[in-house]
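User: Please take a close look at one helix of this model and at what it packs against. I would like the geometric criteria spelled out along the way.

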Amino acid sequence: MDCTHEDEHAASALRAKENMPEEEQIAEIARSFKTLCEPSRLKILLALRQGEMCVYHIVEAVGGTQSAVSHQLRIMREGRMIKARRDGQNIVYSIADAHVLAVLELACAHISCKV
C-alpha cells in the first residue's frame, strides 16, 4: 500500500507510539468510560453537578428506586467518579473531582445539551 504522505504519517505514528499510555493506564481509562456509559449512572452524575446530595434527594432528582440508585452509587464510588461523606446519619454524595465534571461538561457540549 502506498501512502502519498509517508513522512508526515510516519512522524505522526511515531509521536502516537511515544505518547501512548501504558496498557494498565489504558485499561483504567476504559473502566472509567464503562462506569460512565450506563444511563442511570450518567443521570446521577448530571444531577450531582448541582452539588452534593443524599440518596433520597438523588432518587427525587433522577427517578428510580432507592435500592437501584444506591447500587449505582456503589459502582460509581468504586470507579472513583463520586465520593461520599457522612453527615450525621446521612451519607451525602458529590462528584469526585474536577476531572469528572470536565468529562461531563465536554460530553454535554459535544451534543449541545444543557450544562
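Analyst: Helix H3 lies across strands E1, E2 and E3, and it runs at about 90° to E3; contact here means heavy atoms within 4.5 Å, while axes are lines fitted to C-alpha atoms, for helices over the stretch in contact, with angles running from 0 to 180 degrees between N-to-C directions. Helices (H or I, at least four residues) and strands (E, at least two) are DSSP runs, numbered from the N terminus. The model is predicted, so local features need pLDDT of at least 70 and side-chain atom pairs count only at pLDDT 80 or more, whereas totals for chains, interfaces and linings use all residues. Residues are numbered from 1 along each chain as its sequence is written, and side-chain values use heavy atoms, with hydrogens and water left out.

H3 spans residues 39-48, and its buried residues (under 20% relative accessible area, with a 1.4 Å probe and protein chains only) are Arg41, Ile44, Leu45, Ala47 and Leu48. Seen down the axis of H3, these residues fall within an arc of 160°, so they line one face of the helix; the arc is that of the directions from the helix axis to the C-beta atoms.

H3 also packs against helix H4 (residues 55-62), at an angle of about 110° and with the two axes 10 Å apart. The two helices are therefore roughly perpendicular to each other, a label given to angles of 65 to 115 degrees. On the H3 side the contact is made by Lys43, Ile44, Ala47 and Leu48, and on the H4 side by Ile58, Ala61 and Val62. By class, this contact has six nonpolar, no polar and one charged residues, where Ala, Val, Leu, Ile, Met, Phe, Trp, Tyr, Cys and Pro count as nonpolar, Asp, Glu, Lys and Arg as charged, and the others, Gly among them, as polar.

The strands that H3 crosses form an open, antiparallel sheet in the order E1-E3-E2, two strands being paired if DSSP finds at least two bridges between them. E1 (53-54) and E2 (82-87) stand at the edges with a single partner strand each, so one side of each has no neighbour in the sheet. E1 pairs with E3 (residues 90-95) over two bridges, with Met53 opposite Tyr93 and Cys54 partnered by Val92. E2 and E3 pair over six bridges, and Lys83 stands opposite Ser94 in E3.

How values were computed: Buried < 20%, exposed > 50% of the residue type's maximum accessible area, 1.4 Å probe, protein only. Parallel < 35°, antiparallel > 145°, perpendicular 65-115°, else oblique.
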